[in-house]
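User: I want to learn how to read a helix and its salt bridges. Can you take me through one case?

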Amino acid sequence: MELAGGGIAKVVKCHNALGLSTLQKKKENALPSQGSSFLIDLARMKLLVFDIDDTLIGPDKILKRSTIASLNERLAQGDVIAIASGRPYAGIMSFFNLLQAGEKYPIGANGAAVYDEKGIALMCRGLHYQDFLDFYAKHRAIIADGGALYCYTLDGVAYFERSLFIDAEVKWNGIPARNLLAQPLSPKDPILKIMVAFANDSWASFHSSQADERNYHIIRSDPRFLEFMAPGADKATGVEFLRNRLHLSKENVYCFGDQGNDLKMIRDYQGVAMGNAIDECKKVAKFVTLSASEDGVSFALHHFVK
């Protein structure tokens, strides 16, 4: 299901969803005076896509000054930066706000939505609240084993039982949490994804059904999380949307990541696996860089991105 749009704290319509990027418009407006140099600049423009956790940042959860400087160098050169994360729009913007001006796109909820910097959804592929209700009814028994079930709405997280995962979402992503017992949604209201989480090693008590596997795109973004998304929703879906929007070849798209939810975008483009990445990512990557703790992003930008 394609949703018409979503932004932080409100639902908004998609504006200019199929149009050219701001950077391209500026360049096209300048075309008569730029001559052939314009074409060279456009041909050299890169789309650089980064996962956040254990890619842009290490275990300390801090974006290093050296990483910020490297990203700002690429923005100054006219490259486009996207951050593709399981986090929502607000959680991604907390990192973009540390960078200088330039063309930047949040790809939120593991590819369920692509936003501009103002929070306007340019592409959104989500579910309905009824999907969460049905899923919750089927799998709620895991809560007694220490599991958690919740969903991402367009502007936050929603739950029936509050858990440490809800507290973490609020703390680290700066988003509101909605108690569905007190503030229920309507069955047709859009949501971005369904979350299953365990803080302990009790995954043996959770079993996805064949119907779940037919109805959802299922990804493991972290050993603690399974995410159930609309069919076709993936970080790579958001990357491909931006690639077409920017009119770039796949050779000019570089994707950085470390986990299973990064696998497809690493495989389909100029993939850069972090030194701390799972083996599956390293096997399909074109490049393997240093770990996130060693600022592998900067190393790759200086040595691999041409």
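Analyst: Start with a term. A helix here is a DSSP run of H or I with at least four residues, and helices are numbered from the N terminus. Keep in mind that this is a predicted model.

User: How many residues does helix H9 have, and what span does it reach from its first C-alpha to its last?

Analyst: H9 covers residues 235-246, which is 12 residues. Its C-alpha span is 17 Å, close to the 16 Å expected at 1.5 Å a residue.

User: What sits at the two ends of H9?

Analyst: At the start, a side-chain oxygen of Asp-234 comes to within 2.8 Å of the backbone nitrogen of Ala-236. After the helix comes His-247, with a positive phi near 60°.

User: Is H9 mostly covered or uncovered?

Analyst: Mostly covered. The cut-off for buried is under 20% relative accessible area. In H9, 10 of the 12 residues are buried. Among them are Val-239, Phe-241, Leu-242 and Leu-246. Charged residues are on the list too, including Lys-235, Arg-243 and Arg-245.

User: Now salt bridges. What is the general idea?

Analyst: Side chains of opposite charge can pair when their charged atoms come close. The count for this model is 13 salt bridges.

User: Which residue does Arg-243 meet in a salt bridge?

Analyst: Glu-240, at 2.7 Å from N to O. The two residues are three apart in H9, so about one helical turn separates them. Arg-243 is buried, because its relative accessible area is 15%. Glu-240 has 22%, so it counts as partly exposed.

User: Which residues are joined into one network by salt bridges that share partners?

Analyst: Asp-51, Lys-235 and Asp-262. Lys-235 is one of the buried residues of H9.

User: Which side chains meet Asp-53 in salt bridges?

Analyst: Lys-61 pairs with Asp-53 at 3.0 Å, N to O. Arg-87 also pairs with Asp-53, at 2.7 Å, N to O. That second pair links distant parts of the chain, 34 residues apart. Asp-53 lies in the loop between strand S1 (47-50) and helix H4 (65-76). Arg-87 lies in the loop between strand S2 (80-84) and helix H5 (89-96).

User: Are Asp-53, Lys-61 and Arg-87 buried or partly exposed?

Analyst: Take them in turn. Arg-87 is buried, because its relative accessible area is 9%. Asp-53 has 23%, so it is partly exposed. Lys-61 is partly exposed as well, at 35%.

Terms used
Residues are numbered from 1 along each chain as its sequence is written. This is a predicted model: local features need pLDDT of at least 70, side-chain atom pairs count only at pLDDT 80 or more; totals for chains, interfaces and linings use all residues. Side-chain values use heavy atoms; hydrogens and water are left out. The expected span of a helix is 1.5 Å times one less than its number of residues. Buried means under 20% relative accessible area, exposed over 50%, partly exposed in between (1.4 Å probe, protein chains only). A polar contact is a pair of N or O atoms within 3.5 Å; within protein, one must be able to donate a hydrogen and the other to accept it, and residues adjacent in sequence count only if both atoms are side-chain atoms. A salt bridge is a side-chain nitrogen of Lys or Arg within 4 Å of a carboxyl oxygen of Asp or Glu.
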